[in-house]
Amino acid sequence: MIKNYFKIAWRNLWKNKGFSFINIAGLATGMCGAILIFTWIQNELSFDRFHKNSDNLYKVWNRSDKDAGNNIYTWDVTSAPIAPELKQKFPEVKAAARVYWPNERLFNYKEKGIVATGLDVDPQFLSMFSFPMVDGNEHSLDDPKGIVLTVSLAKRIFGTENPTNKLLRINDKENYKVSGIISDPPANTQFQFDYLVSLAPMIGASEANSWGNASFNTYVQLQPGANAALVDQKIKNMLKSHDPNLHFGIFLHPAKKWHLNSRFENGVAVGGAIETVRILFTIAVLILLIACINFMNLSTAQSEKRGKEVGVRKVIGANRFAIIKQFLTESILISGIAGVFAIILAQLTMPAFHELTGVKLFIDYNNPYLWLLGAGFILFTGLLAGSYPAFYLSAFRPVKVLKGLFKTKAHAFNPRKVLVVTQFTVAIVLIIATIIIYQQINYVQDRDNGYVKNNLVEHPINGSIDKNFDAIKNELLNSGVALAVSKTSMPVTIDGSSTSGLNWGNMDANHTNVSFSRFATEGDFVKTFGFKLLAGRDIDFNKFPSDTASVIINEASLQAMGFKDPIGQTISLGNNRLTIVGVIKNFIIGSPSQAIKPMLVFGSKNWYYNALTFRLNPDKPISSDLKTAEAIFKKYNPAYPFQYHFVDQAYAEKFKNEQRTGKIALTFSVLTILISCLGLFGLAAYMAENRAKEIGIRKVLGAGIVNLMQLLTRDFVALVLISVLIAAPIGWWFMNKWLLDFNYRIQISWTIFLYSGIVAIAIAVITVSFQAAKAAMANPIKSIKTE
C-alpha cells in the first residue's frame, strides 16, 4: 500500500511539473536557510562546553554596591590576589587560574623571527581546561621559563624538527624552554592563543597584594558537588575584608553562560549572545513556516482539480484516513526531494555563510545523529506542510464533487488568504527589523567618538621600543612623519584596566563604589589623539616634572566627583595623592552604543606601557610616511617587524557584531521574501489559469489589459496591505525591545513602517503582474473555447 501511495504521489508531481517545481524550490530554500542557521546555533551553544570540567568551571566577576542612582555595575577584570586567596581559603575551590589577555611576543629560533599572540596563565590552567596536550602534561608551565606552543606555531617555528626542550629567544631578551605542545584551540572557545606562558614573572610584589587594581581574568574550578550559590555567599565580601575602601564584591559566573549570557544589568545576567541565538532560531522557524505555507497554499489551490480524484477514491471504498495518508505521503515525498536539494544548497552556500557570520562552520556527515535528525526534520517538515491540505482535501463530499457541484466558496477570509497574510506579515516584520538594525548601526557609527581617529597609527611597545622611546619620538617628529607622539598603557580603543576605592573632597558616600577606567601616559596625550580639553592642560613631564602625581579626568569622572572647579583638586588612591590637571571630553573606549564610564589618565614614567601612537602628517603621502616610520622603528628595534595599524580601523572593529547582525537580518529577509514570492507567483499562475474563461469574456466585451491586470492584482495587494497593518505593531514591539539593550539608540520613526509597506506592496505587485499580464494578453478565443 505504501508503495502505491508513493507511486501515485510521484505521478501527481510529474503531472504538475510547474507547481511541483515551485513547491520543491520553496521548501528546499527554506530548509537550506534553516540548516545553515541551526548549524550556527549548534556552534554557539557548544562554546567552551567541550571542557571535561565545564560543569564545575566558573569565571570570577566583580559586582559593585548600589550607587546614588541605585545602579549596580559588573565587570570581569579582577585583581591579582583573588585566585590564590580562593584556592587557599575556600575548600570548595579545587583549582584557580588567572589569565592575562592577550600578549604578543617575538620568537627567534636560528634565523627565524616570528611574532605570535598568546596568553599568560597560571600553571593550573592546563588541568582546568581541556586543550589536548600533544607533548607534555598539565605541569608543563610549572617552570616560569617554560612555554607551551600550539601545534601550528611549533610547525611555523621548528618545521619538521622536534621542538620539545628546545630553547626559544623571546622578545630578544630571554630564553624560554619549550615544555609542551598543545592542540590548536577550536573556534568554539573564548581562549584563542598561539602559545601559553606562566603568569608568575609579570606579577610584582605590589600587584600581588593589590586588591583594588584589576588586570586579570580569574577562573575557578569547584569541587564536584559543590554548591555555587553557597560559594557565592561565602566569597562576596572577600575583597572588602582585605580593603575596607573597596565597595564591590565578587561572584561566580558558570561556564555554560560565558558566551551566551555575558551582558549584565544591575548585577544580573540578562542576555548576550543568547539573544542573537533566539532571534536566528525564530528566523529559521519562520523561514521554514513560510516555505510550508507555500506548499499548503498551492496544494489547496489545486483542490478543485483533485476533488474528483478524492470523490472517486471515496466511492470505491477509501476512507478519510487512507486519503489523508495519501496526501501526507505526497507531502513527505516533496519534503524528501526538497531535503536532498537543501543539503546540496547548504553545502554550496556554506562558504558565503562563513563570510556572513565570521565563523567557520561545517556539516559533519559522519555523525549518525545528524542523519537521524535530518530524517526527523524532513518528516516533520513534510507533516507540517502537508497537514492542512491532507485534512482539507480528505473532507470533500464525493456526491457534490462528482456531480460537479463542488466549488470553493468566495469568502472575505478563507484559510488560503490567512496563510498569505501570515506569510507576508513575517516578511514585513523582517524588513522592518533590517531597516531598524541598519539605522541603529549608522546612528552609533556617527556618534562623536571624542577624538580625531584619522591619521592615527598605533604600534605595540615591544622589544627595545620602550627604552628607545624618546629617540623614536624625536626622529618621527624631526623627519616630518608625525605631528605628535604619545605612549599609553593600552591602545585607545581598548578598555583594559580599571580601578576603584578613590577618595576626594566632599565625596558623597554613594560614590565610593564608582569604578574608573584607567589609562597612563608619559605626555602629549591630548595633543596626539586630538581630545577636546575642557579645562586645564595635558600631561607634560618636560614642563612639569611633578606630573607623576597628576591625573586627567573625563566628563563622566567630573560628574561622579561633583567638582565645580576641578583643576587643582586632589584625589586619593590608596597611599597616593593625585592632582587633577585637566578635564577632557568623554571619548569612547568600550562599546559605542553604551554609556561612557568615568576615566582617569595617570602621568607615569614607570607604568607597563603597551602602545605607541603617532599622528601622521596629513601634508605628506601616507605611504612615504609609513616607509620612513618603518626605517626608524627598525633602527631602534631591529629584532621586530614594523607592526603598525590604523586606529580608525581598530575603532571600526567595534561595530562588527552589529554589522554582522544587520547582514544576517538582510540576507534572511531577502530569503523570506523570495520564498513568499515563489508562493505568490504560484498562486497567481493558478488564479490566472482558473479565471482564464472569465478574462477571455471580459476582454471580448472590451476590457483593456490595464483593467484586467488591476482585476487580477487587487486581491493580492489588499492581502499585503492587511499584512502591513499587522506587521507594523509586531515589528515595533520586537525592535523596541531590542533597542533597549543600547544606551545610545535611535527613536523608531513611522516612516520605517511606511517604507516597509511600500517595499512589500511593490514586491507583491511585481510578482503577480507577470502572471496577470500574461493572462490579460492571452488570446480570448483560446480560453473561451476550452469548455
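Two strands count as paired here if DSSP finds at least two bridges between them. Strands are DSSP runs of E with at least two residues and helices are runs of H or I with at least four, both numbered from the N terminus. What you see above is a predicted model, in which local features need pLDDT of at least 70 and side-chain atom pairs count only at pLDDT 80 or more, while totals for chains, interfaces and linings use all residues. Residues are numbered from 1 along each chain as its sequence is written, and side-chain values use heavy atoms, with hydrogens and water left out.

**Strand β4 and its partners**

A good place to start is strand β4, residues 93–109. Twelve of its 17 residues are buried, so β4 is largely enclosed by the rest of the structure. Buried means under 20% relative accessible area, exposed means over 50%, and partly exposed lies in between, using a 1.4 Å probe and protein chains only. The table lists the strands that pair with β4.

| Partner of β4 | Bridges and sense | Residues standing opposite |
|---|---|---|
| β5 (residues 112–121) | nine, antiparallel | Arg105 and Ala116 |
| β11 (residues 214–222) | six, antiparallel | Ala96 and Val220 |
| β8 (residues 167–170) | two, antiparallel | Asn108 and Arg169 |

With β5, strand β4 forms a hairpin that has two residues between the strands, and Lys110 in this turn has a positive phi of about 55°.

**Aromatic contacts**

Strand β11 also brings us to the aromatic residues. Rings of Phe, Tyr and Trp (its six-membered ring) pair if their centres lie within 6.5 Å; planes under 30 degrees apart count as stacked, over 60 as edge-to-face and the rest as tilted. Searching the whole structure gives 38 aromatic pairs. In one of them, the ring centres of Phe129 and Tyr219 are 5.7 Å apart and the planes stand at 85°, so this pair is edge-to-face. Phe129 lies in the loop between α4 (125–128) and β6 (133–135), whereas Tyr219 is in β11, so the pair ties together parts that are 90 residues apart in sequence. Phe129 is buried at 3% relative accessibility, and Tyr219 is buried too, at 0%. Both rings belong to one aromatic cluster, whose other members are Phe50, Phe125, Phe131, Phe191, Phe193 and Trp258.

Some rings have a charge over them, which requires NZ of Lys or CZ of Arg within 6 Å of the ring centre and within 35 degrees of the ring normal. Arg63 sits over the face of Phe251, 3.9 Å from the ring centre. Arg537 has its charged end over the ring of Phe544, at 3.6 Å from the centre.

**A cavity lined in part by Trp258**

Trp258 turns up again beside an enclosed space. On a 1 Å grid over the protein atoms alone, a cavity is a set of points where a 1.4 Å probe fits but cannot get out, and lining residues have an atom within 4 Å of a point. The structure holds three cavities of 30 Å³ or more, and the second largest has about 40 Å³ of space; points are joined across faces, edges and corners, and a volume is the space filled by probe spheres set on them. Among the residues lining the second largest cavity are Glu44, Arg49, Lys256, Trp258 and His259.

**Positive phi in two loops**

Most residues other than glycine have a negative phi. Asn165, in the loop between α5 (151–158) and β8, has a positive phi of about 70°. Asn455 has a positive phi near 65°; Asn455 lies in the loop between α14 (415–445) and β15 (456–460) and is partly exposed, at 26% relative accessibility.

Conventions. 1 Å grid on protein atoms, 1.4 Å probe; cavity = no way out; pocket = protein on both sides within 12 Å on 5 of 7 lines; lining within 4 Å.
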